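Trainee: I am new to this structure and would like a close look at a single part of it. Please take the largest cavity and its lining, and then go on to what lies around it.

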Amino acid sequence: MRTTTVVIGAGQAGLAMSWWLARRGIDHVVLERGARVANTWRTERWDSLTLLTPNWQSRLPGFGYEGVRPDAFRTLGETIEFLDAYARLVAPPLRLHCPVTAVRARDGGYEIESVDGTWRCRAVVIATGAFNIARVPELAGALPPDIVQITPAQYRSVSELPDGGVLVVGAAATGAQLADEICRAGRDVTLAVGEHVRAPRTYRGRDIQWWMDATSLNNETFDQVENLNRARSLPSFQLAGYCDRRDIDLNALRAIGVHLVGRLAGIRDGKLQLSGSLRNVCELADLKLNRLLNSFDQWATERGIDCELEPVHRLAPTRVDAVPPLGLDLARRGIRTVLWATGFRAEYRWLQVPVLDRKGNLVHEGGVVTGAPGLYVLGLPFLRRRKSSLIDGVGDDARDLSAHLAAYLGAQRQRSTVAVAAS
Ligand SMILES: Cc1cc2nc3c(=O)[nH]c(=O)nc-3n(C[C@H](O)[C@H](O)[C@H](O)COP(=O)(O)OP(=O)(O)OC[C@H]3O[C@@H](n4cnc5c(N)ncnc54)[C@H](O)[C@@H]3O)c2cc1C
């Protein structure tokens, strides 16, 4: 089978790219391993998930929020409905139940093997997501066998966890949200906290995402940041999209009874070894939060809109024990489950083009894969912009990359016309 461009994956990224390719008149097909579009949202998220981005902030090419609750947060079901509606609008040339099993460079283009057959094409867009596999540290192997281990991709609801206490490892958005949910369900929760990014849901009467959007921080591009690798690996904001708009920072979690401990550094004989750095990482997170809020305040003053906003204020410093514990006995604490909220990574086992670094990351310049003309990737953290991995960010990236792709195809066509004329 032949087509000009193969898009792999039909999440928001694959759909947005299909929208742009169609606008540019580029013949393509979208191959999706799942039974429906938005497969990841359907199969790898927990039941109670709500988006941490407000409704107004789910803007996709040609599509946006038109309801009456722009400041509310979509439930998982509403998110799936939203992407289903987008798929109806885009009407991509879609092949479902079609996992791609190999991508190889062939004759100046690419060969894509899928369960549906082999495709030959000139360009490929990898839109398979950034969060395919939950990261679990090696030390997980040292946990006693009677402890149930689970990742956020496997977690569905508290009722499915074994009775007893739960240790949540990792305090980015996922870990903080799940610690909040499990603790509110009456379980004893311990949260192991490493580096994290503290953020209030609302500041001076406006949602944090309003500030990120208005100040253009979300639009900051990959060539504007000082340390791109660091920006790409930062933990997500400690945020949730609950209807009461509550914060889920460490003070809020502590107030409902979550026990805060330092980063999990080791496990021996059923005992956790914890880093003594809890106080430091919290001070650092507070410092960075205050820097962020200062930049918001400065922006508001420069625009002369202070009077439209609530007064400047600061959040109470994160409260942690003066001497946090350096060890914890799982049995004594009654912990029966460990939930690894230690991040996710993309998975490219099927990619047989030498474009991965030693850590298995795709090497790319703003989504244009290095050393593989015609190969693109979409949907990774800070791919082209700070907002790249958000629903709201993928449209601009798809527009830019589809323009690059169109220019690449045009140049390739020109080269072959010249070659034919010369022969
Ligand atoms: C827990 C969690 C919460 C999030 N909350 C928000 C939020 O509140 N707001 C927000 O804007 N963003 C949020 N995000 C980030 C982001 O919007 C989602 O991760 C989103 O799913 C990314 O869309 P995508 O299209 O890039 O990837 P995905 O949605 O993962 O889509 C990739 C598609 O590729 C398919 N695929 C994968 N491998 C293959 C293969 N080999 N062959 C064929 N098909 C394949 C998958 O089945 C899937 O359908 C969240 C992410 C996570 C993990």
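Mentor: The largest cavity is lined by Trp 46, Ser 48, Leu 49, Thr 50, Gln 177, Leu 178, Glu 181 and Tyr 242. This is a predicted model, and every value here is computed from it. The volume of the largest cavity is about 40 Å³, and the structure holds one cavity of 30 Å³ or more. By class, its lining is made up of four nonpolar residues, three polar ones and one charged one.

Gln 177, Leu 178 and Glu 181 of that lining lead to helix 4, which spans residues 173-184. Helix 4 packs on a sheet, where it touches strand 10, strand 11 (189-193) and strand 18. The direction of helix 4 makes about 165° with that of strand 11.

The sheet itself is open and has five strands, in the order 9-18-10-11-14, with parallel pairing. At its edges are strand 9 (148-150) and strand 14 (259-262), each of which pairs on one side only. From one strand to the next, the twist averages 20°. As a general point, the strands of a sheet pair through backbone hydrogen bonds, in either a parallel or an antiparallel sense.

Strand 10 can now be followed residue by residue. Five bridges join strand 10 (residues 165-169) to strand 18 (residues 335-340) in the parallel sense. Within this pairing, Leu 167 is opposite Val 338, and Val 169 has Trp 340 as its bridge partner. Strand 10 also pairs with strand 11, again in the parallel sense, over four bridges. There, Leu 191 of strand 11 is the bridge partner of Val 168.

How many residues of strand 10 are buried? Five of the five are, so strand 10 is largely enclosed by the rest of the structure. Burial here means a relative accessible area under 20%. Gly 165, Leu 167 and Val 169 are buried on one side of strand 10, and Val 166 and Val 168 are buried on the other, so that both faces are covered.

Away from the sheet, two loop residues deserve a note for their backbone angles. Arg 204 is not a glycine, yet has a positive phi of about 50°. Arg 204 is found in the loop between strand 12 (202-203) and strand 13 (206-207). Its relative accessibility is 4%, so Arg 204 counts as buried. Ser 216, also not a glycine, has a positive phi of about 70°. The loop that holds Ser 216 runs between helix 5 (208-214) and helix 6 (228-233). Ser 216 has 40% relative accessibility and therefore counts as partly exposed.

A pocket can be set beside the cavity. The second largest pocket contains about 160 Å³ of space. Its lining includes Arg 2, Thr 3 and Thr 4, along with Arg 106, Asp 107, Arg 120, Arg 122 and Gln 412. Strand 5 (109-114) and strand 6 (117-121) are the elements that give two or more residues to this lining. Among the lining residues are Gly 109 and Tyr 110, and also Cys 121. By class, the lining of this pocket has two nonpolar, five polar and five charged residues.

Key: Residues are numbered from 1 along each chain as its sequence is written. This is a predicted model: local features need pLDDT of at least 70, side-chain atom pairs count only at pLDDT 80 or more; totals for chains, interfaces and linings use all residues. Side-chain values use heavy atoms; hydrogens and water are left out. On a 1 Å grid over the protein atoms alone, a cavity is a set of points where a 1.4 Å probe fits but cannot get out, and a pocket is an open set with protein on both sides within 12 Å along at least five of seven lines; lining residues have an atom within 4 Å of a point. Grid points are joined across faces, edges and corners, and a volume is the space filled by probe spheres set on the points. Ala, Val, Leu, Ile, Met, Phe, Trp, Tyr, Cys and Pro count as nonpolar, Asp, Glu, Lys and Arg as charged, and the others, Gly among them, as polar. Two strands pair if DSSP finds at least two bridges between them. Axes are lines fitted to C-alpha atoms, for helices over the stretch in contact, and angles run from 0 to 180 degrees between N-to-C directions. Contact means heavy atoms within 4.5 Å. Buried means under 20% relative accessible area, exposed over 50%, partly exposed in between (1.4 Å probe, protein chains only).
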